Amino acid sequence: QVQLVESAGGLVQAGDSLRLSCAVSERTVSTYNMGWFRQGSKEREFVATIAWTTGRTYTADSVQGRFTISKDIAKNTVYLQMNNLKPEDTAVYYCAVAVHPGVPTSLSEYDFWGQGTQVTVSS
């Protein structure tokens, strides 16, 4: 089965940076998009996504200019570089893979999910 293994998050101070990674096991299905979502005090929300083939990215307005998504095809890994973290970023972060084309910012389009990792940002 497809497995997504996320790196550990952590407890950081506002203004700090973290990089999350998500490594995908050998795939038996196509990868169209990989994305990051988060769930804090509200419903799970879109953070960022990247098209595996083209590299096209979309980033949520709430993290625009602070978070960057990237990929390493050779390592089957997607990254989320988080800079200037704010308390509002506190959440469990999930990576996900969409195996069919669709709307890359839509949570419902993703088929496989990582286990989630906690990121807590203190004031």
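**Exercise 1. Find which residue of β8 stands opposite F67, and describe how β7 and β8 are connected.**

Step 1. F67 faces M82, a residue of strand β8. Strands here are DSSP runs of E with at least two residues, and helices are runs of H or I with at least four, numbered from the N terminus.

Step 2. β7 (residues 67-72) runs antiparallel to β8, and six bridges join them. Two strands count as paired if DSSP finds at least two bridges between them.

Step 3. The two strands make a hairpin with four residues between them. In that turn, N76 has a positive phi of about 50 degrees.

A note on the source: this is a predicted model, in which local features need pLDDT of at least 70 and side-chain atom pairs count only at pLDDT 80 or more, while totals for chains, interfaces and linings use all residues. Residues are numbered from 1 along each chain as its sequence is written, and side-chain values use heavy atoms, with hydrogens and water left out.

**Exercise 2. State how β3 pairs with β8, and why β8 is largely enclosed.**

Step 1. Strand β3 (residues 18-24) pairs with β8 in the antiparallel sense, over six bridges. A23 has T77 of β8 as its bridge partner.

Step 2. Five of the six residues of β8 (residues 77-82) are buried, so the rest of the structure largely encloses this strand. Buried means under 20% relative accessible area, exposed over 50%, and partly exposed in between (1.4 Å probe, protein chains only).

**Exercise 3. Locate the disulfide and describe its geometry.**

Step 1. Taking a disulfide as a pair of cysteine sulfur atoms within 2.5 Å, the count is one.

Step 2. C22 is joined to C95, with an S to S distance of 1.9 Å. This pair links distant parts of the chain, 73 residues apart: C22 lies in β3 and C95 in strand β9 (residues 91-98).

Step 3. The link of C22 and C95 is right-handed, with 55 degrees about the S-S bond. Both cysteines are buried.

**Exercise 4. Place N33 in the structure and list its contacts.**

Step 1. N33 belongs to strand β4 (residues 33-39).

Step 2. N33 counts as buried because its relative accessibility is 9%.

Step 3. Contact means heavy atoms within 4.5 Å. Leaving aside residues up to four places away in sequence, N33 touches T49, I50, A51, A96, V97, A98, P104 and Y110.
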